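Student: I should like a close look at a single part, namely the surroundings of the ligand. Please set out the contacts there and then place that part in its wider context.

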Amino acid sequence: MCGIVGYVGGQSAAPILLDGLKKLEYRGYDSAGIAALHDGTITLRKVTGRIANLCALTEDGKTVPGTVGIGHTRWATHGAPTDQNAHPHTSNDGRFAVVHNGIIENHLQLRDELQKKGYHFESETDTEVIVHLLEHYYRGDLKTAVLKVTARLQGSYALGILCADAPDQLLAVREASPLLIGVGIGSNYFASDVTALVAHTRNIISLEDGELAILTADDVSVFDCAGRPVQKSISRITWDVQAAEKGGYAHFMLKEMMEQPAAVEATLSPRIRNDAVCLDEITLSDETIRSFRKIVITACGSAYYAGCAGRYAIEHLCRVPVQVELASELRYNNPMIDGETLLIVLSQSGETADTIAALKECKQRGASVLAVVNVVGSTIARLADDVLYTWAGPEIAVATTKGYTTQLAVLYLFALYAAHVRGTIDEPTYAKLVRTLRSAPSGMQQALDLNPKIPKLAKKYHRSPSIFFIGRNTDYAVALEGALKMKEISYLHAEAYAAGELKHGTIALIHDGQPVIALCCNPAIAAKTMSNIIEVKARGAEVLAVAVRGTQEIASVADDLIFIPRMEPLFAAIVEIVPLQLLAYHVAKENGCDIDKPKNLAKSVTVE
Ligand code: F6R
């Protein structure tokens with residue numbers, strides 16, 4: 001949801017800003033802009049569309065002079081994606097430029113107040129109030145003015161600020177939106193995430209909510225919201241530059257799908273020793289784990305669907321009720337959460353605004369919070385009592401793949417660990433299931449090896465106006481994620497249904513040629529799903545079944561078949577989702593869609 005970058009140093013800022021914006025483009029891509037300061041004048045360039053348009057407009061930055069500057073790539077919230085609404089926004093006197101990620105909730109009130117004072121607005125954005133407030137409060141000291149401005153703002157913001165009176169300075173400030181400072185030698189940077197920094201420096205300072213940083217070429221000083229200096233520690237990024245590049249693949253999504261076995265391996269292997277799960281990194285005591293009366297999993301989108309799949313493993317193995325809640329709903333439900341509840345928060349980015357809000361709400365009610373997060377040091381990781389990181393590496397494609405499967409891997413690990421601690425699993429079953437889980441990367445690799453067969457299926461289905469995904473139990477959880485993948489990147493209408501529910505209404509939509517993807521990867525209940533396949537076949541549906549090897553009887557009822565390796569049904573989702581990701585990818589490719597940057601979407605949803 002918007003990406004911001006800033007640079008101050010000895011080189012020309014614009015090319016560095018453009019490069020950083022390219023790395024952040026996945027966060028929003030409807031318009032972009034940069035501003036740089038040279039000889040007391042701010043040069044501003046902004047344009048609708050992708051960063052490529054901005055590169056063309058600025059001749060790759062050559063026409064924007066200055067060694068200090070800020071940049072923005074936008075995912076529109078307030079006001080359409082137009083040149084005027086693109087950031088940076090500048091003050092009426094031209095002395096300030098601002099980039100913003102987040103939402104200013106009281107912007108209408110502030111706009112009204114500023115208009116009455118004579119400030120002229122050029123855009124429909126919430127952001128523009130910030131730059132006019134700056135001009136209003138500025139009396140020669142930028143830091144003081146910024147603190148006065150932030151005291152007036154309600155909502156979320158990561159701000160980058162440029163001031164013509166402070167030619168060698170950049171200001172960065174955050175409240176509930178991600179912002180990192182990159183510490184270089186003779187140059188300093190800020191960015192919404194590490195992908196834009198890693199080419200320049202591995203030394204990072206994470207700003208906390210309410211903190212403000214002043215960057216010059218040789219120094220970074222951080223202050224709290226009262227303007228008092230704060231000592232910050234520098235952490236090292238472990239991701240390398242290549243991890244954030246396509247590395248010869250046509251799309252990041254394809255690369256990231258192919259990386260899944262390695263990512264799951266990296267997530268599992270440090271936590272499995274001698275057929276036992278070791279979660280040394282969490283502080284939850286055995287006694288606390290035994291005391292939980294309920295587990296609530298909360299997340300958004302695919303992370304929520306990972307929770308839906310993980311729930312079966314936790315409930316089955318730990319014999320504790322698990323509720324899976326959409327983060328955007330949980331906070332409004334007056335949730336029944338107390339000190340005997342474990343809250344598991346799933347988030348690849350660690351910055352999803354609804355998930356953060358749900359976490360805060362539940363923490364306030366006394367829940368212990370365990371976060372499953374991919375981005376080290378992200379907001380959710382910092383707010384939680386404990387973190388289990390998914391070691392997926394950077395995920396750039398907007399549609400998550402390795403983020404989702406590594407979340408599943410952690411949920412399965414936790415299910416086994418907690419079951420062992422709670423004494424709800426016997427030793428031989430425990431050791432056997434740990435070994436089974438350990439084999440997940442190899443099962444996933446075999447599923448990925450099916451890739452050459454998928455384009456033919458994609459050609460068959462890509463023109464269908466809609467596709468149904470059906471399954472029972474864990475298969476149903478996978479159907480939900482499979483349908484989301486199809487919708488978001490190929491723009492086909494896709495609907496997931498619990499297979500047994502079809503006959504309660506939805507079967508009315510089945511007609512000649514209607515594609516139905518039937519998931520039957522749990523042999524114990526495959527016969528029931530097969531009955532549902534027969535029911536839709538009788539009404540003309542074309543059925544593609546996904547089943548585990550050895551369940552040949554499916555062949556007699558389905559039109560097309562994908563066999564995946566046999567896997568313990570509780571953990572099968574991690575392998576079963578792979579052909580559905582591949583199918584969504586190839587359908588989107590057939591339809592000529594922008595796979596890594598689907599329309600209307602952005603990665604890291606930092607607005608509620
Ligand atoms: C779908 C997708 C989204 C995210 C959701 C949560 O492919 O990527 O549905 O899963 O926005 O994001 P995180 O996991 O970053 O909290």
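Tutor: A residue is called buried under 20% relative accessible area, exposed over 50%, and partly exposed in between, with a 1.4 Å probe and protein chains only. The model is a predicted one, in which local features need pLDDT of at least 70 and side-chain atom pairs count only at pLDDT 80 or more, whereas totals for chains, interfaces and linings use all residues. Residues are numbered from 1 along each chain as its sequence is written, and side-chain values rest on heavy atoms, with hydrogens and water left out.

The shell around the ligand comes first. A residue belongs to it when one of its heavy atoms lies within 4 Å of the ligand. There are 15 such residues, and those that come nearest are Ser347, Gln348, Ser349, Thr352 and Glu488. By residue type the shell divides into five nonpolar, eight polar and two charged residues. In this division Ala, Val, Leu, Ile, Met, Phe, Trp, Tyr, Cys and Pro count as nonpolar, Asp, Glu, Lys and Arg as charged, and the others, Gly among them, as polar.

Helices and strands are numbered from the N terminus and are DSSP runs: H or I over at least four residues for a helix, E over at least two for a strand. Two helices, α9 (301-318) and α17 (474-490), each supply at least two residues of the shell. The largest share, three residues, comes from α9.

The contacts may now be taken one by one. A polar contact is a pair of N or O atoms within 3.5 Å; within protein, one atom must be able to donate a hydrogen and the other to accept it, and residues adjacent in sequence count only if both atoms are side-chain atoms. A polar backbone atom of Gln348 stands 2.6 Å from an oxygen atom of the ligand. At Lys485, an N or O atom of the side chain is 2.9 Å from a ligand oxygen. At Val398, a backbone N or O atom lies 3.3 Å from an oxygen atom of the ligand. Of the 410 Å² that the ligand exposes when taken alone, the protein buries 88%. Such accessible areas come from the Shrake-Rupley method with a 1.4 Å probe, and for residues only the protein chains shown count as cover.

Gln348 merits further attention. This residue sits in the loop between β20 (341-347) and α11 (353-364). With a relative accessibility of 13%, Gln348 counts as buried. Beyond the backbone contact with the ligand, its side chain makes a polar contact of 3.0 Å with that of Asn374. Ser206, 142 residues away in sequence, has its C-alpha 17 Å from that of Gln348.

The loops that adjoin α17 each hold a backbone feature of interest. In the loop between β23 (466-471) and α17, Asn473 has a positive phi of about 60 degrees although it is not a glycine. Asn473 is partly exposed, its relative accessible area being 35%. In the loop between α17 and β24 (493-498), Tyr491, also not a glycine, has a positive phi of about 65 degrees. At 33% relative accessibility, Tyr491 is partly exposed.

Now for the wider context. Helix α13 (residues 402-422) is largely enclosed by the rest of the structure, because 19 of its 21 residues are buried. The expected span of a helix is 1.5 Å times one less than its number of residues. For α13 that gives 30 Å, and its end C-alpha atoms are 30 Å apart, which agrees. After α13 comes Gly423, with a positive phi near 75 degrees.

Cysteines and one proline complete the account. A disulfide is a pair of cysteine sulfur atoms within 2.5 Å, and the structure holds zero disulfides. Cys362 is in none, as the nearest cysteine sulfur, that of Cys300, is 12 Å away. Cys362 is buried at 0% relative accessibility, whereas Cys225 is exposed at 60%. Finally, the peptide bond from His87 to Pro88 is cis, with omega near 0 degrees, and Pro88 lies in the loop between β4 (68-74) and β5 (89-90).
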